[in-house]
Structures are given as structure tokens and as C-alpha cells.
Amino acid sequence: KKAGFKYTKPIVITAVILAAVIAAVIILPKLLHKASATRITTYQVEGITYGNVSTTISGSGTLKPVTQETLTSTYAGEISSVNFAVGDEVAEGDVLAVITSDNGDEEITAPCDGILIEFPVNSGTEVAAGGSVAMVMGKDGFTMGIAVDELNISSIALAQEVSFTIDAVDGDYTGSVTAISYNGSTSGGTTAYQITAISADALNLGVYPGMSASAEIVIEDSGDGLLVPVDAVGTSGDDNYVYLAPSGADLGTSYEEEEIDLNDLTKVTVETGMSDGSYIIIESDELAEGDLI
């Protein structure tokens, strides 16, 4: 009997431990779920503004000259004269340099009105046949490629306005769509189409080839109207509404959930329009610019 009793105690202890583990497995997730379900709601007073929202397509890349040509020598020889320097504006036909060779003098001339962006020679420099003498950038602006999703490509048209911002230079520049590719590239089940945009007004404003730029095309615009944050609009059935701020509230004031009773606030039904994800157009005869909600 004593021998049999020795095995009973460990079995009882194990059973108790097992029961505790099972209870913990059942109860703990409930506690965690209850904790994760707790949300702290705050309300902030915002003002109704007047303006518009838009849907845009954007892209980024590096700027390339629309026109760029490298000038080379026909024969091997020596640079006998140099008439310009890098950065100089040149006119079509200007003689940039003269090369003297066994075949006589060869004039290197500007192929178009533009800017001399490379000129790696001086008087006395020896050049090989076909060697690079200069590079001229035309004055017809910069171009940049933009990838457009298949859902938006039908909204793009030739000559459509494009806004450019350039990382290294202040200011905004405008341009237009000059080409739309119909050969899309597919990745991850989504097809994108390449378009080309040109900006000419950035040329003489300190912008250089290879600078990083961003481009934006507006494909839909709401027009001007009353604007509120998207989160301010509630929905009940088919109706949309906003709450007016408590009497005496100041712009930017925050309230904790327990500090405010929505039933005490004025609820105004509104018609909603276009949204950009952050703000939404609303219409209501009871609301005006500057009202606090």
C-alpha cells in the first residue's frame, strides 16, 4: 500500500498544475482582448475652412534636357582656339572651338541655341578623331518620365498641365505632358504606363541636368467650397452630419471622451462631396467658413 501511495501525490499535483494552465489559457486571452478593446476617444475643435480638394497623380525622378548633343572632332588634331566656357549661352552656329589637323582647320559649332554644359578642352589640347569636344544643352527645357497606374492613365492627356518641384531649387515650375506610352509594364498584378512631361520655365532659374524633381498632375478638382476634416463627418443611414463645437470652445481645444456628451451638441446634416483623404467638401445652409465643429 505504501508503495502504491507514493505515486498518487505526484499525480494529484500534476493534475492541479494542468488545470491551472488550462484556466490560464482560457482566461488570459479574454483579459487581453478586453484590454485591447479599450479605446481612448478624444475630440478636437476644428474650424470650417473654404477651399478645394483635388485628386492628383505624382511621380519623381531626375531631370534630363529635352535637347542635348555631344560635339566631336572629325579628325585627330590640336585645339587651336577656344571661344567659350562652360555655362555660357551660345547661339546656333557659334564657333565654340577650332581644331587644327593635317586636314586643315575644323570648326566646332553650336547645333542650336543653348547652354554649353561640357567643354573639356583648352587651347593646345590634343584630340583624337571622334573625340568629345563639347556638349550643348538646348533651351527647350527639361523632361522627366512619370509612371502612371492603369486606373489613372485614362485621365492623362497630351498638353495636360504638370507642376514640378525641384529638391535643390526653391519655387514651383509648370510644364505639360508631351508623350504617353501605350506599352505598359506589369509588376505585382498592376500595370503602369510611362508618360513624359516637360518644363521649359525652369531652364534659366538655376536648374541643372540630373537634379531630382517631383511632378504632380491634377486629374480631378472639386472647385471651391466648405472644407472639414474627413474624421469630422459622421454617418447615420443615408445621412451625413457634423457636430458643432460646445458653446465657448476655442479653436484647437481638445476634450476627453468623458468631458463631452454628444447628445448636448448641435448636430447638422450635410451633403458631402469630393475628398482627398484628409479633407472633404461639405454643403449646408446652416454652416459657414469659420464655424467651429
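Here is a walk through this structure, from how far to trust it to its sheets and its largest pocket.

Keep in mind that you're looking at a predicted model. So how confident was the predictor? Averaged over the chain, pLDDT comes to 85, and 85% of the residues score at least 70. Among the elements of the chain, strand β8 (residues 95-101) has the highest mean pLDDT, at 97, while helix α1 (residues 2-5) has the lowest, at 42. That helix sits at the start of the chain, where pLDDT stays under 50 over residues 1-28. For residues 1-28, the model has one contact beyond four places in sequence. Where pLDDT is low, the predicted coordinates shouldn't be read in detail.

Now for the sheets. Let's take an open one made of four strands, in the order β5-β12-β10-β7, with antiparallel pairing. Which strands stand at its edges? They are β5 (68-72) and β7 (89-90), and each has a single partner strand, so one side of each is left without a neighbour in the sheet.

Try stepping across this sheet, starting from β7. Two bridges join β7 to β10 (residues 114-118), and these strands run antiparallel. You can see the match residue by residue: Glu 89 has Ile 115 of β10 as its bridge partner, and Val 90 stands opposite Gly 114. Gly 114 is worth another look, since this residue also stands opposite Gly 138 in β12. β10 and β12 (residues 132-138) run antiparallel too, joined by four bridges.

Next comes an open sheet of six strands, again with antiparallel pairing, in the order β2-β19-β24-β23-β21-β20. Its edge strands are β2 (49-51) and β20 (234-236), each of which pairs on one side only. From one strand to the next, the twist averages 55°.

Find β23 (residues 267-275) in this sheet and check who its neighbours are. With β21, the strand β23 shares four bridges, and the two run antiparallel. Here Tyr 243 has Lys 267 in β23 as its bridge partner, and Val 242 stands opposite Val 268. With β24 (residues 279-283), β23 pairs over three bridges, in the antiparallel sense once more. One of the matches here sets Ser 275 opposite Ile 280 in β24. β23 and β24 form a hairpin with three residues between the strands. In that hairpin, Gly 277 takes a positive phi near 100°.

Finally, let's look into the largest pocket, which holds about 440 Å³ of space. What lines it? There are 20 lining residues, and those nearest the pocket's centre are Tyr 43, Gln 44, Asp 231, Ala 232 and Ile 293. The elements that give two or more residues to this lining are β1 (42-44) and β21 (239-243). You've already met β21: that's the strand joined to β23 by four bridges. As for the kinds of residue in the lining, 15 are nonpolar, three are polar and two are charged.

Technical notes:
Residues are numbered from 1 along each chain as its sequence is written. This is a predicted model: local features need pLDDT of at least 70, side-chain atom pairs count only at pLDDT 80 or more; totals for chains, interfaces and linings use all residues. Side-chain values use heavy atoms; hydrogens and water are left out. On a 1 Å grid over the protein atoms alone, a cavity is a set of points where a 1.4 Å probe fits but cannot get out, and a pocket is an open set with protein on both sides within 12 Å along at least five of seven lines; lining residues have an atom within 4 Å of a point. Grid points are joined across faces, edges and corners, and a volume is the space filled by probe spheres set on the points. Ala, Val, Leu, Ile, Met, Phe, Trp, Tyr, Cys and Pro count as nonpolar, Asp, Glu, Lys and Arg as charged, and the others, Gly among them, as polar. Two strands pair if DSSP finds at least two bridges between them. Axes are lines fitted to C-alpha atoms, for helices over the stretch in contact, and angles run from 0 to 180 degrees between N-to-C directions. pLDDT is the predictor's confidence in each residue, from 0 to 100. Contact means heavy atoms within 4.5 Å.
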